[in-house]
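Student: Please take a close look at one residue in this model, starting with what surrounds it. Then work outward from there in a single connected account.

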Amino acid sequence: MTAEPVRIGVVGAGLMGKELAGVCGRWSQLVDHPSAPQVVAVADPNRSARDWFRQVPTVETFADDWRALVDDDSLDVLYLAVPHNLHEELYIAAADAGRDFLAEKPFGIDLHAAERIVAAIDASPSFVRVSSEFPFYPGALKAYAYARSGALGEVLDVRSAFQHSSDIDRGKAINWKRRVETCGEIGVMGDLGLHVAHIPLRLGFRPESVYGLLDNVVTERPGPDGSMVACDTWDNALLACRVPTDRDRSFTMLWETRRIAPGQMNSWSFEALGMDGGVRFSTRNPAVVQRFSIKDGEQVWEDVQPGHASAWPSITGGIFEFGFGDALLQMWASYLAERAGSLGDRFGTVTPGEALDAHRVFAAAVRSQESGRAEMPRA
Ligand SMILES: NC(=O)c1ccc[n+]([C@@H]2O[C@H](COP(=O)([O-])OP(=O)(O)OC[C@H]3O[C@@H](n4cnc5c(N)ncnc54)[C@H](O)[C@@H]3O)[C@@H](O)[C@H]2O)c1
């Protein structure tokens, strides 16, 4: 297959913008992919962040204003990875300019921003998806396929979680992700929520009610001059949801996002249980996906080792371990293949509609925290 060159402009040269340079640098890992991406432009007002990209030989354009990239007709795709308070203006400008882009989550600082972004995308020819890489772990893909296959029987309970300990150190300095103004009122749900929503929403598990239990554990952190400043975002969120079924009942679903989860470095997990079967996977133990069934009257959990069975084939040996960088590579492979019309029945990354649905659930959780009652996600 002759791969089509894809010239990518990165807006936001921070943690995630740099990750994309790494992904493109090892693109030859993939077999027969229809696209050949290169990062050729970067925009960031922070000079040192921008200058990091000088070591990437394909980068030609260094801009301090994102408009230079949105207006650049030589670019095929933009990767928009900036703080949440900037999503709305940037994503709408990119859609209005007809640019294809992979957006970072949460896709707007709040529900209203997400609604306006989706309206702009609906009115444009842009091909847009939203970042979420953990479902591309082979074990997660297997868990998703098993849950989708009907093997669960009548669904009883779904748990989707992302727990890490990035904020367990009270002395860690404040940054934009710890402020409502720049991260959003949804706090940790804006950072981690779409990661837990992706597979449930793709399975059609849309909550009809949400009971939100939100915690702000560390309320101040050292500022730039060392004095303490407010840290006003939710650190942890536990969402207890009810999901309707076509029978006369609903099932329970937990979405758990924690920046302060003692004992967890960076654990993303998904579990679904039904009357006939069950499945669970965690990136904490990524070489194993567990499946439950009833055999000869016995309740049996079995370990399945998915190996390196990625959505998009790669040169990596089938028995070798899979990690975070591989998941990012697979997510980008998925986005660019879908853009090229070659995704087929492979797993795709988050659609704008799914990101909007996730925002509806997060907004309901914030209302629930205030009212003390379960709230319905509102369209
Ligand atoms: N998919 C994931 O696993 C994942 C992980 C972390 C962050 N994210 C998301 O990625 C996005 C960026 O997060 P990050 O961790 O890379 O943040 P970061 O703070 O490391 O980087 C953000 C960059 O944006 C730049 N920036 C600020 N204003 C800008 C502007 N007007 N124009 C262009 N650039 C500007 C900053 O200078 C900084 O370099 C967020 O939406 C975040 O939620 C996703």
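**From one residue outward**

Tutor: If residues up to four places away in sequence are not counted, R280 touches A143, E271 and Q290; here, a contact means that two C-beta atoms, placed from the backbone, lie within 7 Å. The model is predicted: local features need pLDDT of at least 70 and side-chain atom pairs count only at pLDDT 80 or more, while totals for chains, interfaces and linings use all residues. Residues are numbered from 1 along each chain as its sequence is written.

R280 sits in strand β14, residues 277-282; elements are DSSP runs numbered from the N terminus, with helices (H or I) of at least four residues and strands (E) of at least two. R280 has 20 C-beta neighbours inside 10 Å and therefore counts as buried. The cut-offs are 20 or more other C-beta atoms within 10 Å for buried, 12 or fewer for exposed, and anything in between for partly exposed, with C-beta atoms placed from the backbone. Between R280 and S250 there are 21 Å from C-alpha to C-alpha, at a spacing of 30 residues in sequence.

Two further strand residues touch each other. V210 belongs to strand β8, residues 209-215, and L239 to strand β11, residues 236-244. V210 is buried, with 24 other C-beta atoms within 10 Å; L239 is buried too, with 25. Apart from residues up to four places away in sequence, V210 touches L239, C241, V361, A364, A365, S368, A374, E375 and P377. On the same terms, the contacts of L239 are V210, G212, L254, W255, V361 and A365. V361 and A365 therefore appear on both lists. The C-alpha atoms of V210 and S368 are 7.2 Å apart, although 158 residues separate the two in sequence. L239 and T257 are 18 residues apart along the chain, and their C-alpha atoms are separated by 8.6 Å.

V361 and A365 also lead to helix α10, where both take part in the contact with α8. The axes of α8 (residues 188-202) and α10 come within 9 Å and cross at roughly 120°. Axes are lines fitted to C-alpha atoms, for helices over the stretch in contact, and angles run from 0 to 180 degrees between N-to-C directions. α8 and α10 are therefore oblique to each other: under 35 degrees is roughly parallel, over 145 roughly antiparallel, 65 to 115 roughly perpendicular, and the rest oblique. From α8, the contact is made by M189, G193, L194, A197, H198 and L201; from α10, by E354, A355, D357, A358, V361, F362 and A365.

α10 (residues 352-371) has another helix partner, α5 (residues 111-122), with axes that come within 9 Å and cross at roughly 165°. That angle makes α5 roughly antiparallel to α10. On the α5 side are L111, A114, E115, V118 and I121; they meet P352, G353, A355, L356, H359, R360 and A363 of α10. A355 thus appears in the contact with α5 and in the contact with α8.

The loop between β5 (100-103) and α5 holds P106. The peptide bond from K105 to P106 is cis, with omega near 10°. F107 is in that loop as well and has a positive phi of about 75° although it is not a glycine. Most residues other than glycine have a negative phi, and most peptide bonds are trans. F107 has 28 C-beta neighbours inside 10 Å and so counts as buried.

D32 also has a positive phi, near 55°, and is not a glycine. D32 lies in the loop between α1 and β2, but with 9 C-beta neighbours inside 10 Å it counts as exposed. In α1 itself (residues 15-25), the buried residues are G17, E19, L20, A21, V23 and C24. Their cover includes β1 (4-11), β2 (35-43), β4 (77-80) and α9 (324-339).

Finally, the ligand has 22 residues around it, of which G12, G14, L15, M16 and E104 come nearest; a residue is near when its C-beta atom, placed from the backbone, lies within 6 Å of the molecule.
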